[in-house]
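Me: Please take a close look at one loop residue in this model, with its backbone and its burial, and then set that residue in the context of the rest of the chain.

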Amino acid sequence: MKPAASHRLLLLFAVSAALAACSPKHEADDRFPPYDNTEEVRAEWKAKPEFYQFKTLADLPSNLKWEKGLDYPELGDEAAKKGGTFNYDMPNFPPTLRFMGPDGSNTFRSEHYDFIEMKQLERHPNVDQWIPALASEWALSEDRKTAFYRLDPAATYSDGVKVTVEDFFMSMHMATSKHSKEPYQLDYVQREFASITKYDEHTFSITMTKVNPDPFLIAQINPHPWHFFREFTDDFPARYQWRKMPTTGAYDIKPEDIQFGRSITLTRVKDWWARDRKYYRYRFNPDRLVYRLVSTSDKSFELLRQGKLDFFSNSAQLLPATYWYERGDVPELLHGYIERYSFYNQYPRIPRCVFINQDHPLLADLNIRVGLHHAFDMDKVISVVLRDDAVRMQSAAAGYGRFTNPNVKARPYDPAKARESFAKAGFTKAGKDGVLMNAAGKRLSFILTIGNMPLYTQVGVIWKEAALKAGVDLQIESIDFTQLFKKGDEKKHELILAGFGSRPPYPEFWQHYHSSNAHEVSADGKKKVKTNTNNFTQTANAELDTLIDQHRAAPTEDELERLSWIIEEKVNALATEIPTWEVPLYRYFHSRWLRWPKDGNCKMTRQAIDAYVWWIDEDIKAETLQAKREGRSFGEVSRVFDQYRDK
């Protein structure tokens, strides 16, 4: 799965020379000349007084109603124990620890940035209300266009430096700077924010360009510590490639804990400033999180059985049936040293689809795209590979409640209908191998790029056989996920099976379907492919652009719902991607000493470890390892938490 705007890519380091050349630097790197951007940054702020504003506390509106958000249920479990080490695998090694710029949105980014770093507020994952994070209080202007924040005076980075308002100014500076090479963030800031205002070191406001259904959802940004980014300049991607930003969250990465090509360890920040705060005191419990590179799922499973990994997910929301069912009789599971865990969540589903690159000459034809929709046998995949634990995803906007159009349905597998569509595109004659050709002898053949994991390998075999019945030669290209998303970013694919990060409460259409993320005009006036965007389908449709622009400017949830339904119908009509499957739960294997709250987890979590409400019980670990040595059994354990299951 790829993070949004972001969720990209991992790099395997094959030779020791390459590894040595990329050694991490937290402090100033002697490969780069010293630099201090203080004058440059302040000059920009001064040059843009409408955007970067400086006022006093006396200028705050007198009628603000400040909220603290402390009346909601606690998160986590008071029985949680601090300490221990959580061991987990990662299928690839990240190409950088930057969270922005080239490769910044790689699949490891969530583990050290998205799930760790704190914004002003956090959404309570059970009651869906705002709770304090870096801000201890917040308020909204009468016109609902300006969000005000008071930073918690205790908020501190892992290097001991206090969080200040100007760190949020720095975030705006970096997001809009050409040095970041982040077109999505640039667009977001320019489109959504009218100004940021400092009242004192701990009080600021963000004014939005329009009224939004939930203003605090828009006015959320991560602070970028200016003392760390003093060297932010035109060589930013290289200079900060392996420099880990000091964190406001519970875990940091030490330079010595980056073992290239092997592992990355996160260590709990000593005296973390939020350790005793409500909503955080029973979370982020282990002392260390060790992510080690494991080349195959089978090897990860064996390491789990040996007690060297604590959690086995196969990098998926739903543990594949080959493990859940066929390998569920191993002694470690039967004796309770390893336990089964299932949790029914409420969260937007990963838009896992086969994305069709419309820049490909044949795939620009709607008839070809519609035919391909009918050439992919999803039902057999769900039945044979997923053992009916999943259901057909009807659209890439599944799981957004009222914002998901229930009338949009995925096209079923139907070789006859596929051939009808292909015939409209001129592909009527079948060759000796059964593959359709047009009058010019062009074969109906496409490369489908998939990630090299066992689940997708099985899926690819079924799809290849099914497509041939529809007259299509589907060539399966299986590559690691680093290469896969890089290929998608560069728009060099034909068909690609991929999933993007999604988050509540509203579906996001601009990054996936707007023409501004498909092409750009070069200096000589020629249209060229726009790389490093999430528009993997290269959709560029004027009518759809207008609808998406209206969706982004919608002031109410009713208007968002209306436009979402229309957009989803339009996307379906364009046949831009083929929805695959979705699951209503997540399920995994884990070691007996990995413990969960009494209610299992938080309602609005995508995967089990996202909310960090779990912990490592060292006493249970010692007991389990002793029992294993002595041959004692605890009995098979399978926990199912279905209180949030759709009835």
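Reply: In this predicted model, Gln538 is buried, because its relative accessible area is 2%, and the cut-off for counting as buried is under 20%. The residue belongs to the loop that runs between strand S23 (527-529) and helix H17 (542-552). Its backbone deserves attention as well, since phi of Gln538 is near 55°, a positive value in a residue other than glycine. Most residues other than glycine have a negative phi, and most peptide bonds are trans.

A second loop residue can be set beside Gln538. Ala575, in the loop between H18 and S24, also has a phi near 55°, again positive and again in a residue other than glycine. Ala575 counts as buried, with a relative accessibility of 0%. A backbone feature of another kind is found at the peptide bond from Pro504 to Pro505, which is cis, with omega near 5°; Pro505 itself is placed in the loop between S21 and helix H16 (510-513).

The elements that flank some of these loops appear again around helix H11, which spans residues 366-373 and is mostly covered, six of its eight residues being buried. Those buried residues are Ile368, Arg369, Val370, Gly371, Leu372 and His373. Their cover includes helix H18 (557-574) and strand S24 (577-579), the two elements on either side of the Ala575 loop, and it also includes strand S21 (495-498), strand S15 (353-356), helix H13 (415-424) and strand S19 (445-451). At the N-terminal end of H11, Asp365 acts as a cap, with a side-chain oxygen lying 2.8 Å from the backbone nitrogen of Asn367.

Two strand residues extend the picture beyond the loops. Glu582, in strand S25 (residues 581-582), is buried at a relative accessible area of 17%, a value to be read against the cut-off of under 20%. Once neighbours within four places in sequence are left aside, Glu582 is in contact with Arg349, Ala390, Val391, Arg392, Met393, Gln394 and Ala398. Phe86, in strand S2 (residues 85-90), is buried with a relative accessible area of 0%. When residues up to four places away in sequence are not counted, Phe86 touches Pro286, Arg288, Leu289, Val290, Asp310, Phe311, Leu594, Ile609, Trp614 and Ile616. Asp329 stands 243 residues from Phe86 along the chain, and the C-alpha atoms of the two are separated by 25 Å.

For the chain as a whole, the model has 19 helices and 29 strands. Its radius of gyration is 25 Å, close to the 26 Å that the globule rule gives for 647 residues, so the chain is as compact as a globular protein of that length. Taken along the principal axes, the C-alpha atoms fill a box of roughly 80 × 75 × 55 Å. Of the 647 residues, 58% count as buried, and Gln538 is one of the buried residues. The chain exposes about 26,000 Å², of which carbon and sulfur atoms supply 51%. As for charge, there are 88 positive and 90 negative side chains, and the centres of these two sets lie 3 Å apart.

Definitions and conventions:
Residues are numbered from 1 along each chain as its sequence is written. This is a predicted model: local features need pLDDT of at least 70, side-chain atom pairs count only at pLDDT 80 or more; totals for chains, interfaces and linings use all residues. Side-chain values use heavy atoms; hydrogens and water are left out. Buried means under 20% relative accessible area, exposed over 50%, partly exposed in between (1.4 Å probe, protein chains only). Helices (H or I, at least four residues) and strands (E, at least two) are DSSP runs, numbered from the N terminus. Contact means heavy atoms within 4.5 Å. A polar contact is a pair of N or O atoms within 3.5 Å; within protein, one must be able to donate a hydrogen and the other to accept it, and residues adjacent in sequence count only if both atoms are side-chain atoms. The radius of gyration is taken over C-alpha atoms; the globule rule is 2.2 Å times the number of residues to the power 0.38. Accessible areas come from the Shrake-Rupley method with a 1.4 Å probe; for residues, only the protein chains shown count as cover. Lys and Arg count as positive and Asp and Glu as negative; His and the chain ends are not counted. The place of a charge is taken as NZ of Lys, CZ of Arg, CG of Asp or CD of Glu.
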